[in-house]
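Work through the exercises below with the coordinates open. Try each task before reading its solution.

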Amino acid sequence: MMIDSQLKAVHDGRSGTDPERQALFDHVTASLGPDGLDDVLDGACTLIYLYMTWLRKAHEDVDKDVIEYVVPTLVASMRRMPKSVRPEAIPIMAGLVIAAGTGLSPNLWRKQYGDWTEVEMTPLEVTALLLADHINRITEDRDFATRMVTEALSRMDADDYEDEDED
């Protein structure tokens with residue numbers, strides 16, 4: 001929801017921090033409690049994994065390597081965002097995306113390097129945002145990435161509901 005909101009703001013020409021969006025984000029994060037932030041981080045990593053899985057399959061369909069075509073563009077975009085993405089966070093985000101693009105869990109990949117730092121929070125959001133935007137541009141559909149996530153969640157909910165019926 002937050003990624004979709006930010007994408008729409010960018011495409012509508014609204015730059016900078018939207019006070020309404022920031023208030024919503026602050027409210028959501030404050031209501032999560034101590035374990036909630038870990039859930040948000042896990043969710044962001046899951047989005048990145050989902051996006052990179054889709055991108056990998058799309059690139060394989062045209063005999064291209066997802067790492068070769070996605071990572072350099074992602075890194076170049078992050079380099080143009082020095083206020084949001086500090087230079088030292090870029091290699092970490094690139095590694096995270098490469099891990100996801102090769103089928104590794106971004107959550108497990110990251111655990112080998114320790115806990116997330118505060119400096120990495122915005123770059124993580126930016127990474128998910130840039131991947132969603134990349135997917136939307138490939139499909140020429142501004143809502144494709146959001147719809148993909150919504151459909152995946154709907155399938156999970158349906159599977160959970162079927163599992164409850166079987167019990």
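**Exercise 1. Burial and overall make-up**

Task: Find what share of the residues in the protein is buried.

Solution: This is a predicted model. Count a residue as buried when its relative accessible area is under 20%. The protein has 167 residues, and 34% of them are buried. Next, take the exposed surface. It comes to about 10,400 Å², with carbon and sulfur atoms supplying 53%. Then assign secondary structure. The protein has 8 helices and 0 strands. Along the sequence the pattern reads α-α-α-α-α-α-α-α. Last, sort the contacts between residues at least 6 apart in sequence. Of these, 69% join residues at least 24 apart.

**Exercise 2. The two sides of H4**

Task: Determine which residues of helix H4 are buried and how they are arranged around its axis.

Solution: Start with the span. H4 covers residues 66–79, which is 14 residues. From first C-alpha to last it reaches 20 Å, close to the 20 Å expected at 1.5 Å a residue. Now list the buried positions: Val66, Val70, Val71, Leu74, Val75, Ser77 and Met78. Look down the axis of H4. The buried residues fall within an arc of 160 degrees, so they line one face of the helix. Check the other side of H4: Glu68 and Arg79 are exposed there.

**Exercise 3. Ala94 and its contacts**

Task: Decide whether Ala94 is buried or exposed, then find its contacts beyond four places in sequence.

Solution: Locate Ala94 first. It belongs to helix H5, residues 90–101. Its relative accessibility is 11%. The cut-off for burial is under 20%, so Ala94 counts as buried. Now set aside neighbours within four places in sequence. Ala94 is then in contact with Val71 and Val75. Both of these are among the buried residues of H4. For Met78, take the C-alpha distance to Ala94: 9.9 Å, across 16 residues of chain.

**Exercise 4. Aromatic rings and charges**

Task: Classify the ring pair of Trp109 and Tyr113, then find which charged ends sit over the rings of Tyr69 and Trp116.

Solution: Count the aromatic pairs. There are 2. For Trp109 and Tyr113, the ring centres are 5.0 Å apart and the planes meet at 55 degrees. Stacked needs under 30 degrees and edge-to-face needs over 60, so this pair is tilted. Check burial too: Trp109 is buried, at 16% relative accessible area. Now turn to the charges. The charged end of Lys64 sits over the ring of Tyr69, 4.9 Å from the ring centre. Over the ring of Trp116 sits the charged end of Arg110, 4.8 Å from the centre.

Note on methods. Residues are numbered from 1 along each chain as its sequence is written. This is a predicted model: local features need pLDDT of at least 70, side-chain atom pairs count only at pLDDT 80 or more; totals for chains, interfaces and linings use all residues. Side-chain values use heavy atoms; hydrogens and water are left out. Helices (H or I, at least four residues) and strands (E, at least two) are DSSP runs, numbered from the N terminus. Buried means under 20% relative accessible area, exposed over 50%, partly exposed in between (1.4 Å probe, protein chains only). Contact means heavy atoms within 4.5 Å. Accessible areas come from the Shrake-Rupley method with a 1.4 Å probe; for residues, only the protein chains shown count as cover. Rings of Phe, Tyr and Trp (its six-membered ring) pair if their centres lie within 6.5 Å; planes under 30 degrees apart count as stacked, over 60 as edge-to-face and the rest as tilted. A charge sits over a ring if NZ of Lys or CZ of Arg is within 6 Å of the ring centre and within 35 degrees of the ring normal. The expected span of a helix is 1.5 Å times one less than its number of residues. The arc is that of the directions from the helix axis to the C-beta atoms.
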